[in-house]
Amino acid sequence: MSEILTEEDVKLRFITPALTNKGWTADQMRMEKAIRRDSKFTDGKVIIKGNTAKRGNPLKADYVLYHHNNFPIAVIEAKKAVLNIGDGIQQAIDYAKRLDIPFAYASNGKGFLEHDFLTGFEREIALNDFPTADELWKRRNAKEQITPAIEKVINQPYFFCEGWYVPRYYQRIAVNRTVEAVAKNQRRLLLVMATGTGKTFTAFQIIHKLYESSAVKKVLYLADRNILIDQTILNDFAPFKDKNILTKVENKTLDSAYDIFMSLYHQLSGDDELETFRQFSPDFFDLIIVDECHRGSAKENSRWRKILDYFTNAIHIGMTATPKETDDVSNSLYFGDAIYTYSLKQGIDDGFLAPYRVLRIGIDKDLEGYIPEAGKVDDYGNELPQKVFTSKDFDRTLIIDERTKIVARRITEFLKQNDRYAKTIVFCVDEDHALRMRQALVNENNDLIKINDKFVMRITGSDQLGKQQLENFIDNNTKYPTIVTTSELLSTGVDCQMVKVIVLDAVINSMTKFKQIIGRGTRLVWNKDKRYFTILDFRKATLKFSDPEFDGPASSVYDIDKNKPLPTPTVDDDFDDIGDLDDVNPRKYRVSDVPASIISELELIYGENGRLVVNHSYNFKSLIIERYPTAETFIADWHDGNKQEILDYFEEKGVDLNRFKEKVGKDVDIYDIILMIGFDKEAKIKTERINDVKNDEFYQKLSDRIIFDKIHRF
């Protein structure tokens, strides 16, 4: 009888009772189809469909078993009774690795196959011999050398209250690994988490667990932007503020009565050489969290590094989306290899971050270069050098007014075609370029400027009026400003959740800076229709998406034996990502009589494995043939009732089916489009296929019901 039991039967009749008999409670079990406490651990990748988006299927294990609050210990994959006991083990192993769980199990209801990550061994055990929660916990602790003192720290519950966030699986891994490492007396740690994945929430839970377990008493949180401190206090660190144990360092004053200190580097160590941090003894802080640790104090000779050097006995935890590894800056050399990494690709594939599409726009002067004729002078009477000006020169050494105008015009056209009020950031070469781009965008959008003059604004470091509007721009419920032009200020740290369009009109040589810029668009706000974002690229910056370094681990190039002198730190330590310019203040020429035009556009969308897929028929054809060697195999699969599965497959591969349908004709079915693109078959409109059925020689012998079914099976 058991041979015909389904997977759900096996779980209900055998696995769940076996767990219950061993003392596993309902609170410890997350199950795939449970109404409460289900085992879903991703939200499902967002799939772009034309101008809309939908979610793919989330990942769920059959069972995730927890020893205690936010500490899963085992994964179980169930299979129907007719299969072997170990048929689900590879899937269980895959889920366990992703979830950082030490034990994986497979079962067909007749017993369990156990995979122990701690030893590497597998064994079969009887159905009634499944380990208890405490048995698994003791096995883990013995192998990981967890003493009672360490266990006290790692067992400290997470902070939770009504309306508070439940940690996502990767946040839990980051917190648990970090807390355990600290409890084991590791003093330097690095966490790498993509922009938008909740680094400050993760930092809050780390501090909470260490503070409440008395592993640390005094904590310093360092950042280099005021808005990063203020956002953190108001949002993720609010419970500390409510307990009156948190203070923000202001006016270079330190009050030892508090336990958690939030500070800008500038407040502790500024140009006045007061070195405010010396008001406390070197042993005052037990823990220092360094936000955006690829910046500021990352350089060994930075004037801010002396803060960390002074409190050298404290635990230092660096957090960043973009670890920096260059000749003079090495996060891994200081903090060690990342204890955990959660990348942009992982975040998008899990459905926690927004995917992107790219419109790569080619301007003739950028693609072909510009050589001034002999004796050509600029608008100020200066003779232009006889050289080839290329994309990296425009707006840095040569301003072509017409080029600025056509960029502004194309941005405006895109917004008019999609959403005039889509929050947009235009990244420019420098503040002067941002000013001119603002004016060009104002003129292209004068109809909306008449309604509100803040529709377009420049927000840069020196623009005080613009900076005053930054909070309005990042507010999800505020319409204005809608379009902002900037150079550096919005490239990192600022949480702009509703940004739907990112415009790149600057050559970006730094991979760190590129990843930070892209991170401005990755937040998902599903209930406000922010489900993906678009990148308008005028300088081929998005070619960096194909660089292995974009989503791979940073490799240290720092050679401690070089003993070469390091660059002298500058007043712009907090903007150390610029790195694109050979000359900080080059001479600029400006011409208003040189024409420019857009001569190419290429659309790319986020596809499988994070690759950008060109949205044209050649790539679609290769995907069709990869799945269906012949037209007959496709037709058979379609007619077997697998239509939706086929459509989902191509959409998940990054194919915009609606776009192809628009190009071919709305009255042509996807079925015909696949045959046409994949196998060079002539497409038929729907009415032709209906007529083919009606003209069939057996038509008169069929009932109306059969005719209807035959027509609509297509």
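**Note on a predicted model: loops, sheets, helices and rings**

1. Pro481 has its place in the loop between helix H18 (470-474) and strand E20 (483-486), where helices (H or I, at least four residues) and strands (E, at least two) are DSSP runs, numbered from the N terminus. A cis peptide bond joins Tyr480 and Pro481, with omega at about -5 degrees. Most peptide bonds, by contrast, are trans, and most residues other than glycine have a negative phi.

2. The model is predicted, and local features need pLDDT of at least 70, side-chain atom pairs count only at pLDDT 80 or more, and totals for chains, interfaces and linings use all residues. Residues are numbered from 1 along each chain as its sequence is written, and side-chain values use heavy atoms, with hydrogens and water left out.

3. Asn70, in the loop between strand E4 (63-68) and E5, has a phi near 55 degrees, which is a positive value in a residue other than glycine.

4. One open sheet consists of six strands in the order E1-E4-E5-E6-E7-E8, and its pairing is mixed; two strands pair if DSSP finds at least two bridges between them. Strand E1 (29-31) and strand E8 (122-126) stand at the edges with a single partner strand each, so one side of each is left without a neighbour in the sheet. The twist averages 25 degrees from one strand to the next, with axes taken as lines fitted to C-alpha atoms, for helices over the stretch in contact, and angles running from 0 to 180 degrees between N-to-C directions.

5. Within this sheet, strand E5 (residues 71-78) and strand E6 (residues 103-107) run parallel and are joined by five bridges, and Val75 stands opposite Ala104 in E6. Strand E7 (residues 111-116) pairs with E8 in the antiparallel sense, also over five bridges, and Gly111 has Ala126 in E8 as its bridge partner. E7 and E8 form a hairpin with five residues between them, and Gly120 in the turn has a positive phi of about 85 degrees.

6. Another open sheet has seven strands in the order E11-E12-E10-E13-E14-E9-E15, with parallel pairing. Because strand E11 (246-248) and strand E15 (340-342) stand at its edges, each with a single partner strand, one side of each is left without a neighbour in the sheet. Here the twist averages 15 degrees from one strand to the next. Five bridges join strand E9 (residues 188-193) to strand E14 (residues 315-320), and these two run parallel, with Leu190 opposite Gly318 in E14. Helix H5 (residues 169-183) packs on the sheet and touches E9, E14 and E15, its direction making about 175 degrees with that of E9; contact means heavy atoms within 4.5 Å.

7. Which residues bring helices H21 and H22 together? Phe634, Asp637 and Trp638 in H21 meet Lys643, Ile646 and Leu647 in H22. The axes of H21 (residues 631-639) and H22 (residues 643-652) come within 7 Å and cross at roughly 120 degrees. The two helices are therefore oblique to each other, given that angles under 35 degrees count as roughly parallel, over 145 as roughly antiparallel, 65 to 115 as roughly perpendicular and the rest as oblique.

8. Two arginines are placed over aromatic rings, a charge sitting over a ring if NZ of Lys or CZ of Arg is within 6 Å of the ring centre and within 35 degrees of the ring normal. The charged end of Arg30 sits over the ring of Tyr66, 4.3 Å from its centre, while Arg531 lies over the face of Trp526, at 4.0 Å from the ring centre.
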